[in-house]
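Let's take a relaxed walk through a two-chain model and see how the chains meet. Have the structure open and follow along.

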Amino acid sequence: MNQYQLIKLAKRVGFYALIAVVMVYAIFPFYYAVITSLKPSSELFRVDFWLSTVDFGNYVQIFTQKSFVRAILNSIIVSLSVVFIALLLGITASYALGRVRFRGRATVMLVILGVSMFPQVAVLSGLFEVIRGLGLYNNPAGLILSYTIFTLPFTVWVLTTFMKQLPMELEEAAIMDGATPWVTITKVFLPLMWPAMATTGLLAFIAAWNEFLFALTFTLTDDQRTVPVAIALISGGSQHELPWGPIMAASVTVTVPLVILVMIFQKRIVSGLTAGAVKG
Amino acid sequence: MSTPATQSAPRAVRSPQAGYRGTKVRRQRVRAAWLFLLPMLVALALVAGWPLLRTFYFSFTDASLSDTASAAFIGVENYLVYDDGAWYGLLTDPVWWNSVWNTLYFSVVSVSLEVVFGIIVALLLNAEFKGRMLVRAAVLIPWAIPTIVSAKMWAWMLNDQFGIINHLLMAIGIIDSPIAWTASATYSMWAVIMVDVWKTIPFVALLVLAALQMLPKDCYEAAEVDGIHPVRVFFKVTLPLITPALLVAVIFRLLDALRVFDVIYVLTSNSTSTMTMSIYARQQLVEFQDVGYGSAASTLLFLIIALAVVIYLYLGRRQLGVDQ
């Protein structure tokens with residue numbers, strides 16, 4: 001009896017210890033970035049596990065830099081436009097794919113799935129030519145265009161899954177009343193699709209906000225860059241003297257909004273990810 | 001004729017539409033469907049289809065970045081050419097084959113680790129305990145952090161002189177002198193894998209967790225009544241049941257890993273000991289301005305990934321349900 005209780009206790013302790021390890025592993029790198037960013041530069045190279053003094057010098061330094069503020073603005077503009085375009089094209093396409101049976105539907109679905117698995121490098125030279133041809137090189141608009149390659153297939157795929165789950169009766173009633181497909185989408189489906197659109201929009205936003213390869217390749221000057229590129233290219237006097245304080249401050253700045261979004265919409269994001277992968 | 005993809009929505013398969021097949025309403029619906037698909041198809045053709053064809057074409061030319069228009073057709077010379085008693089071209093370049101090997105090594109090792117740790121985390125999150133939501137939220141944090149930022153954060157923690165990881169390892173006594181994690185040829189690949197694993201465990205864990213939560217409870221009750229050891233239950237019951245979800249997670253991760261670029265670019269730049277196919281191709285394309293040669297590398301990368309996709313589609317037809 002006593003031994004049994006002991007084993008049970010040991011199991012409980014082991015379980016919570018494991019949980020604690022997972023928590024520390026997940027959170028510590030971000031925590032460490034936050035405390036590094038809040039240190040005065042004189043203490044930067046001393047390893048600390050918590051803060052003794054709080055100093056906003058690094059944040060002041062990055063926010064007085066015009067190019068960084070500009071990069072944040074570019075990132076916001078690009079990400080929001082990408083979400084808007086992906087949802088606009090996605091909702092109409094998902095209606096067609098989810099509610100109408102027609103010849104060639106399976107082919108279109110396969111094409112979408114195939115595009116979502118494209119390696120970005122494979123289209124880099126062709127896309128570079130297209131973007132330069134359209135006069136969008138070194139312009140955030142070029143990024144908005146190129147980001148549809150990974151946001152659009154995903155958005156269409158997930159929205160189609162959601163669209164299929166809506167009851168048929170709604171649409172039948174609309175057809176009986178003589179509603180055109182466009183009216184059916186905007187008046188019947190759109191109000192019901194808001195949760196799904198919020199989820200996919202959020203995921204598209206995160207993907208666009210984080211994108212690096214295209215942003216690095218299709219922009220040239222500091223004032224056209226997005227945040228990931230701006231952070232990656234922050235450099236000091238030499239390769240071995242990176243200004244870690246400002247880099248961490250910039251990193252925390254662009255991550256905090258995302259972490260807050262993820263915390264608030266945790267459930268939605270999980271359902272969106274699993275709808276895109278498990279059901280997809 | 002195709003049927004919708006999900007098992008969870010059998011309702012959408014029903015046949016009321018058959019009632020007005022061939023009627024004016026039905027024709028109007030099909031026409032509207034194509035009209036609605038058109039913008040998306042045009043967009044995909046512009047950013048995916050056409051650029052991909054151009055990349056294929058460039059790989060057979062001597063195009064340079066500053067002037068792609070005047071590219072001349074040179075056959076397969078970018079891939080392989082016999083000149084003056086020796087073979088040249090991408091297929092003979094040891095740096096290319098090194099980057100192919102690096103990519104495969106990185107993909108296999110990091111995806112394996114992610115799957116093992118992802119399952120462990122998912123099993124933990126599937127247990128009932130206080131503060132479970134809080135832990136799940138915490139586990140999501142690495143996923144939410146942009147790859148560039150996580151690479152920079154780890155670069156700082158792995159810094160050879162001032163990094164906390166060397167500090168800790170030396171304090172515990174595992175190492176005597178600091179390790180140059182991102183600069184040394186021996187450790188840099190492990191540093192990259194470590195960062196990638198940290199960042200993507202949440203994704204695998206969430207997919208596995210979703211599968212775990214759909215498992216029938218009665219098997220477990222039966223196993224418990226029969227007094228079967230939980231480890232045995234895991235391997236005999238849980239693992240086979242979550243295998244489909246696991247396969248999906250693995251293929252998604254594998255496709256991502258095969259085209260990995262940003263984490264490696266930020267952590268170790270163009271160092272050959274961690275150079276992957278994407279890094280190699282981009283270096284040729286952008287830094288050396290050799291669009292022809294770089295496109296040849298991109299094309300091979302595309303073919304390797306396409307092969308993986310075809311195998312996946314073949315193995316996973318039932319899961320996907322699109323080509324029934």
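## Where the chains meet

In this predicted model, 80 residues of chain A are in contact with 83 residues of chain B; two residues count as in contact if their C-beta atoms, placed from the backbone, lie within 7 Å. On the side of chain A that touches chain B, helix H1 (residues 2–37) gives the most, with eleven residues. Sorted by class, that side has 58 nonpolar, 16 polar and six charged residues. Here Ala, Val, Leu, Ile, Met, Phe, Trp, Tyr, Cys and Pro are nonpolar, Asp, Glu, Lys and Arg are charged, and the others, Gly among them, are polar.

A quick word on the bookkeeping: residues are numbered from 1 along each chain as its sequence is written, while chains are lettered from A and ligands numbered from 1 in the order in which they are written. As the model is predicted, local features need pLDDT of at least 70 and side-chain atom pairs count only at pLDDT 80 or more, but totals for chains, interfaces and linings use all residues. Helices (H or I, at least four residues) and strands (E, at least two) are DSSP runs, numbered from the N terminus.

Now zoom in on one helix pair. The axes of H3 (residues 66–99) of chain A and H2 (residues 24–58) of chain B come within 8 Å and cross at roughly 135°. Axes are lines fitted to C-alpha atoms, for helices over the stretch in contact, and angles run from 0 to 180 degrees between N-to-C directions. H3(A) and H2(B) are therefore oblique to each other (under 35 degrees is roughly parallel, over 145 roughly antiparallel, 65 to 115 roughly perpendicular, and the rest oblique). Among the residues making the contact are A:Leu89 and A:Tyr95 of H3(A), and B:Phe36 and B:Met40 of H2(B). By class, this contact has ten nonpolar, one polar and no charged residues.

## Along chain B

UniProt, in an unreviewed entry, lists "domain: ABC transmembrane type-1" for residues 100–312 of chain B, and its "transmembrane region" annotation covers spans including 137–158 and 233–255. UniProt positions are in the numbering used here, feature names are shortened, and annotations may be inferred rather than shown by experiment.

| Residues of chain B | Helix | Strand | End C-alpha atoms apart |
|---|---|---|---|
| 100–312 | 77% | 0% | 20 Å |
| 137–158 | 86% | 0% | 26 Å |
| 233–255 | 100% | 0% | 31 Å |

Just after helix H11 of chain B, B:Gln289 takes a positive phi of about 60°.
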